[in-house]
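The following exercises concern one helix and the cysteines of a protein model. Each task is followed by a solution in steps.

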Amino acid sequence: MVTLTVTAGSYPLQVTNQHNFLVVNSPSSYNVIIGRPTLNRWKATTSTYCLKVKFPTKQGVEEIKGDQVLAQECYQAVLASKKNHTWTIEEKTPEIIEKLETIELVEGSLGKTTQIGTTLSLEAKEGIINFLKDNLDVFAWSHEDMLGIPASLIQHRLNVDLGKKLVQQRRRVFAPERNKAIMDEVNKLLAANFIREVHYPEWLANVVMVKKANGKWRICVDFTDLNQACPKDSFPLPRIDQLVDSTAGHKLLTFMDAFSRYN
């Protein structure tokens with residue numbers, strides 16, 4: 001992976017950005033393939049039929065025209081080679097250099113542990129353990145230990161366009177297994193004071209249950225509708241968070257800081 005500075009267009013109608021390129025050791029008729037992330041960053045509109053790309057600049061709209069003859073030659077060269085141009089990138093699992101030893105940081109509490117290398121000297125091992133025990137306040141063992149940022153220091157409010165139509169999805173009914181997973185997660189967040197209950201929400205989105213690799217459930221919420229109503233919001237809501245209790249009469253559980261403007 002290399003990062004290169006790319007300038008598209010001709011002065012003064014041009015944009016200059018840095019983009020990541022994946023270098024592949026494989027024969028190809030093309031020197032560079034521009035993907036959707038780059039085109040989206042340029043805010044470009046493409047026409048494969050006309051071989052044209054248009055994108056906005058500070059000085060106006062620039063238009064880049066392709067070479068019809070050269071494009072046909074490249075395409076014919078790919079067909080003539082009769083080679084498979086599908087590339088597979090394999091991610092290798094990192095090898096464990098040394099074994100790890102589990103250290104109990106709080107006596108009598110099996111859940112408050114960490115791991116350190118076994119090849120450390122006795123002096124270094126004791127120094128690391130003492131340092132970790134002296135700084136136990138930085139560890140978050142549960143939701144209750146994550147206090148968050150005080151609202152007096154920083155607070156984000158949604159920049160909702162008042163002209164947008166409010167979206168309230170209909171209540172969904174979940175199977176008992178999924179409903180239990182929702183209740184368990186919501187109770188954790190309520191106990192940690194991460195969320196609070198709102199009886200009359202203006203925006204409402206149901207949760208979506210996703211099965212994780214370990215067999216447990218992840219609770220997701222699609223904030224697409226709400227994000228579209230915040231066109232100038234520099235901090236869009238994440239797509240994965242816990243908001244809705246499906247058994248509480250369609251009540252919305254919201255973030256105390258992010259939704260304070262509307263609660």
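**Exercise 1.** State which residue follows α4 and what sign its phi has.

*Solution.* α4 is followed by N193, and the phi of N193 is positive, near 65°. Helices here are DSSP runs of H or I with at least four residues, numbered from the N terminus. The model is predicted, so local features need pLDDT of at least 70, side-chain atom pairs count only at pLDDT 80 or more, and totals for chains, interfaces and linings use all residues. Residues are numbered from 1 along each chain as its sequence is written, and side-chain values use heavy atoms, with hydrogens and water left out.

**Exercise 2.** Compare the span of α4 with the expected span.

*Solution.* Step 1: α4 covers residues 176-191, which is 16 residues. Step 2: the expected span is 1.5 Å times one less than the number of residues, here 22 Å. Step 3: from first C-alpha to last, α4 reaches 22 Å, close to that expectation.

**Exercise 3.** Determine how the buried residues of α4 are arranged around its axis.

*Solution.* Step 1: the buried residues (under 20% relative accessible area, with a 1.4 Å probe and protein chains only) are N179, A181, I182, E185, V186 and L189. Step 2: down the axis, they fall within an arc of 160°, taken from the directions from the axis to the C-beta atoms. Step 3: they therefore line one face of α4. Step 4: the face turned away carries P176, K180 and A191, which are exposed (over 50%).

**Exercise 4.** Report how many disulfides the structure has.

*Solution.* With a disulfide defined as a pair of cysteine sulfur atoms within 2.5 Å, the search of the whole structure finds zero.

How values were computed
Helix = DSSP H or I, 4+ residues; strand = E, 2+ residues; numbered from the N terminus.
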